[in-house]
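Please examine the sequence and the coordinates that follow. The account below begins with one helix, widens to the chain and then returns to individual residues.

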Amino acid sequence: MDETLLQEPIVPKAKKRKRQRITWSIIKDQRQLIFMSVPLLAYIILFAYVPVWGWTMAFQNYKPARSFGQQEWIGFKQFKFLFTDDSFMRVLRNTLGMSIINLVLGFVTAIVLALLLNEIKNIFWKRTVQTISYLPHFLSWIIVTGIVATSLASDGIINDVLMRLHLIKEPILWLSEGKYFWGVVGASHVWKEVGWNTIIYLAAMAAIDPALYEAADIDGASRYRKMFHVTLPGIKPTIVILLIMSIGHILEAGFEVQYLLGNGLVVDWAETIDIFVLKYGIAQGNYSLATAGGIFKTVVSVTMLLFANWMAKRLGEERLL
């Protein structure tokens, strides 16, 4: 046999696309799109970048009555105070603890509910369950915390059910003991947002090729096997992207639910960085310290976002940037 027939075919290398240069003619041709983007660009500059000027307060002994040139510059004094202050370390612990609980519970419950809804064949029942699970998302935290506080009262429905089931002998003061507070916050977030968080997972499941399910049926796979070997791998890129974005908000434990459900008995477990900033910035007028706390939160969030994106790249997963 001719040796030339055994040789691997020579595949020409794809030419690297050259980056198109932006010229005045291209700008002129796309001027409608540019004009349409101007309001959005102005909004971002006005509300996202202009306020960054206020970060200078963290490096000053800021006094509202003084002009910018009259402020006393103190360097990193406020940041040094943050990292040596016991109250801020406690606040940081609370923020991280509740953020991790919300992250884990939010992800697991949303994915599980989306998988179960995807297996429902009756369209009417599926839409009914979806609608019921979505409804709490549209309630404000004022209403939600009121429902939670009423349900967890000593004579509330939670204690009543637990006592009727003989799981407890006397009512538990859920909102008066710090050891229960993080769990209450996590459960409140799940109840309010789990239905809404399933939307994007259900959309990702709808994009999975039906031929994969047909092939699994031919191979004799059960419904649970198809969930683990077809559905979950199909939505894996979506899960990774949402996880990266959530890690970037690791210090976003919340404000409303902790502020509204918290009280003097659980303050050591309820106070977050947002409440810390409010207390020092508004109540005590220490705007410099409050700004330093906000800067710390932003820097950590951006760092965690970049780290999570880098880890996803190293592991060969989808990434955000």
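Against which helices do the buried residues of H7 pack? The structure is a predicted model, and in it the buried residues of H7 pack against helix H8 (157-164), helix H9 (178-206) and helix H13 (256-261). Helix H7 itself spans residues 141-151, and its buried residues are Trp-141, Val-144, Thr-145, Val-148 and Ser-151. These residues are on the same side of H7 because they cover an arc of only 130° around the axis. The other side of H7 carries Ile-142 and Thr-150, both of which are exposed.

The setting for this helix is a chain whose secondary structure consists of 16 helices and two strands. The chain has a radius of gyration of 27 Å, whereas a compact globule of 321 residues would have one near 20 Å. Taken along the principal axes, the box filled by the C-alpha atoms is roughly 90 × 65 × 40 Å. Of the 321 residues, 34% are buried. When contacts between residues at least 6 apart in sequence are considered, 67% of them join residues at least 24 apart.

The surface and the charges complete this general view. The accessible surface amounts to about 21,600 Å², and carbon and sulfur atoms account for 66% of that area. There are 31 positive and 24 negative side chains in the chain, with 9 Å between the centres of the two sets.

A further set of helix contacts involves helix H15, residues 273-283, in which Ile-273, Ile-275, Phe-276, Tyr-280 and Gly-281 are buried. The partners of these buried residues are helix H4 (77-84), helix H5 (86-119), H13, H14 and H16. Helix H13 thus appears among the partners of H15 and also among those of H7. After H15 comes Gly-285, which has a positive phi near 70°.

Two of the partners of H15 may be considered through single residues. In helix H14, residues 267-270, lies Trp-269. Is this tryptophan buried, partly exposed or exposed? Trp-269 counts as partly exposed because its relative accessibility is 31%, a value between the 20% and 50% cut-offs. Apart from residues up to four places away in sequence, Trp-269 touches Arg-93, Asn-94, Met-98, Gly-178, Phe-181 and Trp-182. The C-alpha atom of Trp-269 is also 8.1 Å from that of Arg-90, although 179 residues separate the two along the chain.

Helix H16, residues 287-314, contains Asn-309. With a relative accessible area of 9%, Asn-309 is buried, since the cut-off for burial is under 20%. Beyond its neighbours within four places in sequence, Asn-309 makes contact with Ile-244, Arg-319, Leu-320 and Leu-321.

Finally, attention turns to a loop residue. Where is His-166 placed? His-166 belongs to the loop between H8 and H9, two helices against which the buried residues of H7 pack. The phi of His-166 is positive, at about 60°, although this residue is not a glycine. His-166 counts as exposed because its relative accessibility is 71%, which is over the 50% cut-off.

Notes. Residues are numbered from 1 along each chain as its sequence is written. This is a predicted model: local features need pLDDT of at least 70, side-chain atom pairs count only at pLDDT 80 or more; totals for chains, interfaces and linings use all residues. Side-chain values use heavy atoms; hydrogens and water are left out. Helices (H or I, at least four residues) and strands (E, at least two) are DSSP runs, numbered from the N terminus. The radius of gyration is taken over C-alpha atoms; the globule rule is 2.2 Å times the number of residues to the power 0.38. Buried means under 20% relative accessible area, exposed over 50%, partly exposed in between (1.4 Å probe, protein chains only). Contact means heavy atoms within 4.5 Å. Accessible areas come from the Shrake-Rupley method with a 1.4 Å probe; for residues, only the protein chains shown count as cover. Lys and Arg count as positive and Asp and Glu as negative; His and the chain ends are not counted. The place of a charge is taken as NZ of Lys, CZ of Arg, CG of Asp or CD of Glu. The arc is that of the directions from the helix axis to the C-beta atoms.
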